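Thank you all for coming; I would like to take a few minutes to walk through one model, starting with how two helices pack and ending with a few individual residues. Please keep the picture in view while I talk.

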There are 2 protein chains.
Amino acid sequence: MGTDNLFVKTFLSAWTGQVARINELLESTSDEDLHKEVAPGKNTGVYLIGHLAAVHDALFPLLGFGKKLYPHLEKPFITTPDKSGLEFPPAHELKKCWNDVNTQLLQQYNLLKPEEWLSRHTAVSVEDFAKQSHRNKLNVLISRTTHMSYHHGQLVFLKKK
Amino acid sequence: MGTDNLFVKTFLSAWTGQVARINELLESTSDEDLHKEVAPGKNTGVYLIGHLAAVHDALFPLLGFGKKLYPHLEKPFITTPDKSGLEFPPAHELKKCWNDVNTQLLQQYNLLKPEEWLSRHTAVSVEDFAKQSHRNKLNVLISRTTHMSYHHGQLVFLKKK
């Protein structure tokens, strides 16, 4: 395997590893617990799952894979903070969105060639990318991987001891 | 710049970005707040900073850079859980350890060639690495980057609104 392929394999395994950790947590957390705040006055578990699903869904247009699967998640889980009075879809539906988005993203990831990971994402112009080559698809992937981990560190507080 | 160098540049910027985020948080959090639990019954901020410093310090031997700078951090912050009665160094000392370790790690990172990031770390044998090429230095770096982000997601709960 060439070094470029090994780089990509390593990054992708970090992504899938973080997704798997959150899936494990969801499997061991009841829907009742998921509706609790992760800490007093902070976001609820159900908001964080909706947020993660919405942020990952936004990767389809950002990485040039196509349209969002669940654009209705953007308003309640990205543009609006938790506990603002908006009604959320039920937890089982949010978990389905989360799973669908991640499954289809991985299919798209596997179609990208190593050099395509280093190409620009759609939120940066051709002109800016010429000067800022780090604003590539890989950078977005790593940023979303650490974003998952950030919220995973909060979601674990919902777990019973 | 070759693609290998761009890959390395991209993941090093993820590492330095996470370190910077925790540094920003430390600058805006008082030592008094740092001694509080991030959530009821959970780790204190000061434990998490000691933990992050100790885990990063362990990268020196793991990545073949040499000995730990602060081996005395291992017992209180890795092998022992928080609130077990062990006395901690003062917060300003832990912050110094955290900064020193990160500064010297970055110097070592910058000396590695792209292909060296894909070489084995010292916790995997030559035989195992022949079969499991993903157990490389890069994998360790990404894992520690997401580890930082995981605890950063918890440390932000110490911040005043």
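Let me begin with α1(A) and α9(A), which are roughly parallel to each other, a label used for angles under 35 degrees, with over 145 called roughly antiparallel, 65 to 115 roughly perpendicular and the rest oblique. The axes of α1, residues 3–27 of chain A, and α9, residues 137–155 of chain A, come within 10 Å and cross at roughly 25°; here axes are lines fitted to C-alpha atoms, for helices over the stretch in contact, and angles run from 0 to 180 degrees between N-to-C directions. The helices themselves are DSSP runs (H or I, at least four residues; strands are E, at least two), numbered from the N terminus.

Before going further, I should say that this is a predicted model, in which local features need pLDDT of at least 70, side-chain atom pairs count only at pLDDT 80 or more, and totals for chains, interfaces and linings use all residues. Residues are numbered from 1 along each chain as its sequence is written, chains are lettered from A and ligands numbered from 1 in the order in which they are written, and side-chain values use heavy atoms, with hydrogens and water left out.

Back to the helix pair: α1(A) passes α9(A) in a left-handed crossing, meaning that the near helix is turned anticlockwise from the far one by less than a right angle, whereas clockwise would be right-handed. The contact (heavy atoms within 4.5 Å) involves, among others, A:Phe11, A:Trp15 and A:Ile22 of α1(A), and A:Leu141, A:Met148 and A:His152 of α9(A). By class, the residues of this contact divide into twelve nonpolar, four polar and two charged, where Ala, Val, Leu, Ile, Met, Phe, Trp, Tyr, Cys and Pro count as nonpolar, Asp, Glu, Lys and Arg as charged, and the others, Gly among them, as polar.

In chain B, I would point to a second pair, helix α3 (residues 45–57) and helix α9 (residues 137–155), which pack at about 175° with their axes 11 Å apart, and that makes α3(B) roughly antiparallel to α9(B). Among the residues that meet there are B:His51 and B:Leu52 in α3(B), and B:His147 and B:His151 in α9(B); the contact has six nonpolar, six polar and one charged residues.

How are the two chains related? A rotation of 180° with 0.0 Å of shift along its axis superposes chain A on chain B, with an RMSD of 0.0 Å, the fit being by least squares on the C-alpha atoms of residues with pLDDT of at least 70 in both. That is the relation of a two-fold axis, and in chain A the C-alpha nearest the axis is that of A:Tyr150, at 2.1 Å. The copies meet through the same surface, since 100% of the interface residues of chain A are also interface residues in chain B.

Finally, some single residues. A:His51, in helix α3 of chain A, is buried at 14% relative accessible area (buried means under 20%, exposed over 50%, partly exposed in between, with a 1.4 Å probe and protein chains only), and, leaving aside residues up to four places away in sequence, A:His51 touches A:Phe77, A:Ile78, A:His147 and A:His151. A:Thr79, by contrast, lies in helix α5 and is exposed, at 52%. A:Lys83, in the loop between α5 and α6 of chain A, has a phi near 60°, a positive value in a residue other than glycine, and counts as partly exposed at 46%.
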